Amino acid sequence: MAPRANWKGFLRLSLVTCPVALYPATSESEKVSFNQLNRKTGHRIKYAKVDADTGEEVDNEDIVKGYKVDTDTFIEVTKEELENVALESTRTIEIDEFVDRSEIDPRYLIRPYYLRPDGKVGHDAFAVIRETIREMNKVAIGRVVLTNREHIIALEPLDKGLMGTLLRYPYEVRSADEYFDDIQDVKVTKDMLDLARHIVNQKAGHFDPDKFEDQYETALIDLINQKRAGKPITAKARPRGENVVDLMDALRKSIGRDASAATEVQKKPAKKARKAAAGQKEMLMPIAGKKPAKEGVAKKPAAKPQRKSA
């Protein structure tokens, strides 16, 4: 089942309008997550909202937003007052302009969303807007209100729908000068560049996200499985960075090492990419009393591990 829409409203290009829904294109829910526990009892930690001065717990209906003016002075703003800040982008994504994709600085990108027609009407208008953007090879720029904030959104065709990427405002992007000013100006010789290019050519490939594995996630699952099985946990040696004394020598050795690694990869039979069903991971080791999972512990989990209090 598709996730719930984060936003519903209208997409408008001049006088062409259609109802649309905005859905998150990414998810963090499949990652291993931890609860905070009381070490002594094994019980989960519960957080309560309390008055900073009286220490008494406050009900949700009595909590309002406040803008801090100084240490002890706040300007209260109610939910109704926020709703009265009636921006058109609260209900409509108005396309303001079209730009080249290459003009959007990657630092301004926040997160992607899927945009599709909402309901059975408006598919024709949606298709016109989508195909116009595709034909012009441009990115449409508009605005949308999400979580009580107005965001810039960049729209571009993706299959039968549109992908909308939230963009940061200029005041949210830090200047690189304060970080890069102290980097020394170093003259890189042609010989060094030639060796470095050779390394790049050895490692050249095509971007395929299926090739990447979240090694930290896999290590977490392995840790949890070992603890559930009652096995001792031993610390693994951390990789150490080494100081490069002779840069040219390091480049030459890198070429030889990478060539050997590439030969080994070619000798090994290619592994078929494994695709899990959407929203699923592979099972961890079985809990006592339940039917065993197929063929041992898998690298990637299919469901979050079941936790038990100590």
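Q: Rings of Phe, Tyr and Trp, the last through its six-membered ring, count as a pair if their centres lie within 6.5 Å; how many aromatic pairs does a search of the whole structure find?
A: The structure is a predicted model, and its side-chain atom pairs count only at pLDDT 80 or more. Under these conditions, the number of aromatic pairs that a search of the whole structure finds is two.

Q: Is the aromatic pair of Tyr169 and Tyr171 stacked or edge-to-face?
A: The ring centres of Tyr169 and Tyr171 are 5.9 Å apart, and their planes make an angle of 10 degrees. Because planes under 30 degrees apart count as stacked and those over 60 as edge-to-face, the pair of Tyr169 and Tyr171 is stacked.

Q: Which residue of this pair is buried, Tyr169 or Tyr171?
A: The threshold for buried is under 20% relative accessible area, and that for exposed is over 50%. Tyr171 has a relative accessibility of 67%, so this residue counts as exposed. With a relative accessible area of 17%, the buried residue is Tyr169.

Q: How are the planes of Phe207 and Phe212 arranged in their aromatic pair?
A: Phe207 and Phe212 have ring centres 5.7 Å apart, with 35 degrees between the planes. Both of these residues are exposed. Since an angle that is neither under 30 degrees nor over 60 falls into the remaining class, the arrangement of Phe207 and Phe212 is tilted.

Q: What percentage of the residues of the protein counts as buried?
A: The protein contains six helices and ten strands, and about 25,300 Å² of it is exposed, with carbon and sulfur atoms supplying 52% of that area. Of the 310 residues of the protein, the part that counts as buried is 21%.

Q: Which helix supplies the largest share of the largest nonpolar core?
A: The largest nonpolar core has 21 residues, and those with the most contacts inside it are Leu11, Ile93, Leu115 and Leu155. Several elements each supply at least two residues of this core, including β1 (7-13), β2 (16-24), β7 (109-117) and α2 (123-136). The largest share, four residues, comes from α2.

Q: How many residues make up the other core, which lies apart from the one around Leu11?
A: Leu11, one of the residues with the most contacts inside the largest core, touches Ile93, Leu115 and Leu155 among others, not counting residues up to four places away in sequence. Apart from this core lies another, with Ile104, Ile141, Ile152 and Tyr169 among its members, and its residues number eight.

Q: Which strands are the edge strands of the open sheet?
A: The open sheet has eight strands in the order β5-β1-β2-β7-β10-β9-β8-β6, and its pairing is mixed. An edge strand here pairs on one side only, and the two strands that do so are β5 (92-94) and β6 (97-99).

Q: What angle does the direction of α2 make with that of β2?
A: From one strand of the sheet to the next, the twist averages 40 degrees. Helix α2 packs on this sheet, touching β1, β2, β6, β7, β8, β9 and β10, and the angle of its direction with that of β2 is about 80 degrees.

Q: Over how many bridges do β9 and β10 pair?
A: Strand β10 is mostly covered, with six of its seven residues buried, and its antiparallel pairing with β7 runs over five bridges, where Thr165 is the bridge partner of Pro112. On the β9 side, Glu156 stands opposite Met163, and Ile153 stands opposite Leu166. The pairing of β9 and β10 is likewise antiparallel, and its bridges number seven.

Q: Which residue takes a positive phi in the hairpin of β9 and β10?
A: This hairpin has two residues between its strands. The residue with a positive phi, near 55 degrees, is Asp159.

Q: Is Tyr67 buried or exposed?
A: Tyr67 lies in strand β3 (residues 65-70) and touches Thr73, Phe74 and Ile75, not counting residues up to four places away in sequence. Because its relative accessible area is 58%, Tyr67 is exposed.

Q: What distance separates the C-alpha atoms of Ser254 and Leu195?
A: Ser254 is found in helix α6 (residues 247-267) and touches Ile199 and Gln202, not counting residues up to four places away in sequence. Ser254 and Leu195 are 59 residues apart along the chain, and their C-alpha atoms are separated by 9.1 Å.

Technical notes. Residues are numbered from 1 along each chain as its sequence is written. This is a predicted model: local features need pLDDT of at least 70, side-chain atom pairs count only at pLDDT 80 or more; totals for chains, interfaces and linings use all residues. Side-chain values use heavy atoms; hydrogens and water are left out. Buried means under 20% relative accessible area, exposed over 50%, partly exposed in between (1.4 Å probe, protein chains only). Accessible areas come from the Shrake-Rupley method with a 1.4 Å probe; for residues, only the protein chains shown count as cover. A nonpolar core is a set of buried Ala, Val, Leu, Ile, Met, Phe, Trp, Tyr and Cys residues joined through side-chain atoms within 4.5 Å. Contact means heavy atoms within 4.5 Å. Two strands pair if DSSP finds at least two bridges between them. Axes are lines fitted to C-alpha atoms, for helices over the stretch in contact, and angles run from 0 to 180 degrees between N-to-C directions.
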